[in-house]
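Visitor: Please pick one loop residue and look at it closely. Then walk me outward from there to the rest of the chain.

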Amino acid sequence: MNTQKKTVLVTGGTRGIGRAIVGLFAQRGWDVIFTFVSSDTKAHAIASNINARALSCDNGSEEEILKLFETLDGEGIKIDALVNNAGISGPRRRVEDVTWETLENVWRVNYAGVILFCREAVKRMSTANGGRGGSIVSISSTSTKRGAPGQWVDYAGLKGAIDVFTDGLAREVGAEGIRVNAVAPGFVETDMAREGGHVDNFETALKTEIPLARIGTTEEIAEAVHWLCSAAATYVTGTVLNVAGGR
């Protein structure tokens, strides 16, 4: 990779919003590294197509996260931006249907993994640690405002925790050259939305919740993430940017 370019690390880059993010950053001239859990062939095909790099890493495993950063350190790679995109929703459910297994899986990937990735990124980015600063962006959700009743209230609660964490971390490391923000998508048709059974809600949302009266695209979310990591947003931190058509 060209070390003179800025480098972004994106978690979960093989489909949906993540795939759009890695594609846009590559198009805009960044060196792109993204993680995947399964679909090895697909991940490396995507990486080859956009001149990026795919690395296997389970967002819910501290051991694998540490191994990933050790690999980057060993190669002398310094990241300028971290995008916490990897996430799972699990099946559509009411709270009385939530199992411990589902709750633990969603928590490990959507919350614990985000904090651990931020921890390792801050260790390396912080000017207090000899780093050169950088940007962290996490993918949140507009479900934090509505709670996703009848769909996944536990998932919405964890995304709300990410919003609070974003605000707190931004205040903690702002003077150390690190900006920390989040993007909260509204309804975007992705594989995760289809698998969770949420596409059924889109028609109702169009009529009652979305002033722009259309579903968002993964590319629109990617643009917001890129902007927050760019020089155009150097005075923006501690912000959760809604990209939801007014929802």
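**From one loop residue outward**

Guide: Serine 39 is partly exposed, since its relative accessible area is 39%. On this scale buried means under 20% relative accessible area, exposed means over 50%, and partly exposed is in between (1.4 Å probe, protein chains only). Serine 39 sits in the loop between strand 2 and helix 2. Helices (H or I, at least four residues) and strands (E, at least two) are DSSP runs, numbered from the N terminus.

A note on the source. This is a predicted model, in which local features need pLDDT of at least 70, side-chain atom pairs count only at pLDDT 80 or more, and totals for chains, interfaces and linings use all residues. Residues are numbered from 1 along each chain as its sequence is written, and side-chain values use heavy atoms, with hydrogens and water left out.

Back to the loop. What is notable about the backbone of serine 39? Its phi is positive, about 55°, although serine 39 is not a glycine. Most residues other than glycine have a negative phi. Alanine 213 also has a positive phi of about 55° and is not a glycine. Alanine 213 is in the loop between helix 8 (202-208) and helix 9.

The elements on either side of the serine 39 loop lead inward. Strand 2 (31-36) and helix 2 (40-50) each supply at least two residues of the largest nonpolar core. A nonpolar core is a set of buried Ala, Val, Leu, Ile, Met, Phe, Trp, Tyr and Cys residues joined through side-chain atoms within 4.5 Å. The largest one has 32 residues, and those with the most contacts inside it are Val8, Ile21, Phe25, Val32, Phe34, Val183 and Val225. Helix 1 gives the most to this core, with seven residues. Ile33 belongs elsewhere: with Leu55, Ile178 and Val180 it is among the residues of a second, separate core of 25.

Follow Val180 from that second core. Valine 180 lies in strand 6. With a relative accessibility of 2%, valine 180 counts as buried. Contact here means heavy atoms within 4.5 Å. Leaving aside its neighbours within four places in sequence, valine 180 contacts Ile136, Thr166, Leu169, Ala170, Val173, Thr237, Gly238 and Thr239. Valine 180 and glycine 134 are 46 residues apart in sequence, and 8.8 Å apart in space, C-alpha to C-alpha.

Thr166, Leu169, Ala170 and Val173 are among the buried residues of helix 6. Tyr155, Leu158 and Ile162 are also on that list. So are Asp154, Lys159 and Asp163. Helix 6 (residues 153-173) has 21 residues, which should span 30 Å at 1.5 Å a residue; its end C-alpha atoms are 30 Å apart, which agrees. The expected span is 1.5 Å times one less than the number of residues.

Two residues tie helix 6 to other parts. Aspartate 154, in helix 6, is buried at a relative accessible area of 13%. Not counting residues up to four places away in sequence, aspartate 154 touches Arg93, Val98 and Leu103. Aspartate 154 and leucine 103 are 51 residues apart in sequence and 7.3 Å apart in space, C-alpha to C-alpha. Threonine 144 is in helix 5 (residues 143-146). Its relative accessibility is 30%, so threonine 144 counts as partly exposed. Threonine 144 touches Ala156, Lys159, Gly160 and Asp163, not counting residues up to four places away in sequence. Threonine 144 and alanine 156 are twelve residues apart in sequence, with C-alpha atoms 5.2 Å apart.

Now helix 9, which follows the alanine 213 loop. The twelve residues of helix 9 (residues 218-229) should span 16 Å at 1.5 Å a residue; its end C-alpha atoms are 17 Å apart, which agrees. Thr218, Ile221, Ala222, Ala224, Val225, His226, Leu228 and Cys229 are buried there. Their cover includes helix 1 (16-27), strand 4 (81-84), strand 5 (134-139), strand 6 (178-185) and strand 7 (240-243).

Last, the whole chain. The protein chain has nine helices and seven strands. Of its 247 residues, 48% count as buried. Among contacts between residues at least 6 apart in sequence, 71% join residues at least 24 apart.
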